[in-house]
Amino acid sequence: MRATPIWADRNELLKFHKEAEALTIKLGEPYEVDHIIPLHHKLVCGLNVPANLQVITRTENRKKAAKWNPND
């Protein structure tokens with residue numbers, strides 16, 4: 001929660017989690033909310049804000065882990 005700034009729209013954040021849940025149910029494969037820029041990384045510190053979120057499969061999220069490449 002410390003990565004969520006006070007100005008972040010919590011309803012928008014919730015939409016990402018609902019989308020992940022809906023895709024999991026619809027497609028039968030686990031989906032998760034991923035932070036594009038990781039919350040914990042030696043070079044960067046992402047935020048828990050809508051612009052830094054994406055919904056991807058659990059498998060993709062595990063492969064990505066806390067990796068970050070500024071060229072992506």
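Pro70 sits in the segment after helix H2. This is a predicted model, and the tail of the chain is a good place to enter it. Pro70 has a relative accessibility of 55%, so it counts as exposed. In sequence, Pro70 and Ile37 are 33 residues apart. In space, their C-alpha atoms are separated by 8.9 Å.

From the tail, turn to the interior. The largest nonpolar core has nine residues. They are Ala8, Leu13, Phe16, Ala20, Tyr31, Val33, Val49, Leu53 and Val55. Three elements, helix H1 (10-27), strand S1 and strand S2, each supply at least two residues of this core. H1 gives the most, with three residues.

Leu53 is one of the core residues. Which residues does Leu53 touch, not counting residues up to four places away in sequence? The list is Leu13, Phe16, Val33, Asp34, His35, Ile36 and Asn48. Among these, Leu13, Phe16 and Val33 are also members of the core.

His35 comes next. His35 belongs to strand S1, which covers residues 31-35. The side chain of His35 makes a polar contact with the side chain of Asn48, at 2.9 Å. Leaving out residues up to four places away in sequence, His35 touches Leu47, Asn48, Asn52, Leu53 and Lys64.

Asn48 has another partner in Thr4. The side chains of Thr4 and Asn48 are joined by a polar contact of 2.8 Å. Thr4 is placed in the segment before H1. Thr4 counts as buried because its relative accessibility is 8%, and buried means under 20%. Beyond residues up to four places away in sequence, Thr4 touches Arg10, Leu13 and Asn48. Leu13 also appears in the core.

Leu47 leads to the surface. Leu47 lies in the loop between S1 and strand S2 (53-57). Is Leu47 buried, exposed or partly exposed? At 36% relative accessibility, Leu47 counts as partly exposed. Together with Ile6 and Trp7, Leu47 forms a nonpolar patch on the surface. The accessible area of these residues together is about 410 Å².

Now for the charged pairs. How many salt bridges does the structure hold? There are four. One of them joins Lys15 and Glu12, with the closest N and O atoms 2.9 Å apart. Lys15 and Glu12 are three residues apart in helix H1, so about one helical turn separates them. Glu12 is partly exposed, with a relative accessible area of 29%.

Another salt bridge joins the side chains of Glu32 and Arg62, at 2.6 Å from N to O. This pair links distant parts of the chain. Glu32 is in strand S1, Arg62 is in helix H2 (residues 58-64), and the two are 30 residues apart. The partners differ in how they are covered: Glu32 counts as buried at 15% relative accessibility, whereas Arg62 is exposed, with a relative accessible area of 53%.

The side chains of Lys64 and Asp34 also meet in a salt bridge, at 3.2 Å from N to O. Lys64 lies in helix H2 and Asp34 in strand S1, so this pair ties together parts that are 30 residues apart in sequence. Asp34 counts as buried because its relative accessibility is 3%. Salt bridges that share partners also join Glu32, Arg58 and Arg62 into one network.

Thr57 completes the tour. Thr57 is found in strand S2. Is Thr57 buried or exposed? With a relative accessibility of 8%, Thr57 counts as buried. The side chain of Thr57 reaches the backbone nitrogen of Glu60 at 3.0 Å. Apart from its neighbours within four places in sequence, Thr57 is in contact with Glu29, Pro30 and Tyr31. Of these, Tyr31 is also in the nonpolar core. Asn11 lies elsewhere. Thr57 and Asn11 are 46 residues apart in sequence, and their C-alpha atoms are 22 Å apart in space.

Technical notes: Residues are numbered from 1 along each chain as its sequence is written. This is a predicted model: local features need pLDDT of at least 70, side-chain atom pairs count only at pLDDT 80 or more; totals for chains, interfaces and linings use all residues. Side-chain values use heavy atoms; hydrogens and water are left out. Helices (H or I, at least four residues) and strands (E, at least two) are DSSP runs, numbered from the N terminus. A polar contact is a pair of N or O atoms within 3.5 Å; within protein, one must be able to donate a hydrogen and the other to accept it, and residues adjacent in sequence count only if both atoms are side-chain atoms. Contact means heavy atoms within 4.5 Å. Patches are made of residues with over 30% relative accessible area and no salt bridge: like charges are joined within 9 Å, nonpolar side chains (Val, Leu, Ile, Met, Phe, Trp, Tyr) within 5 Å. Accessible areas come from the Shrake-Rupley method with a 1.4 Å probe; for residues, only the protein chains shown count as cover. Buried means under 20% relative accessible area, exposed over 50%, partly exposed in between (1.4 Å probe, protein chains only). A nonpolar core is a set of buried Ala, Val, Leu, Ile, Met, Phe, Trp, Tyr and Cys residues joined through side-chain atoms within 4.5 Å.
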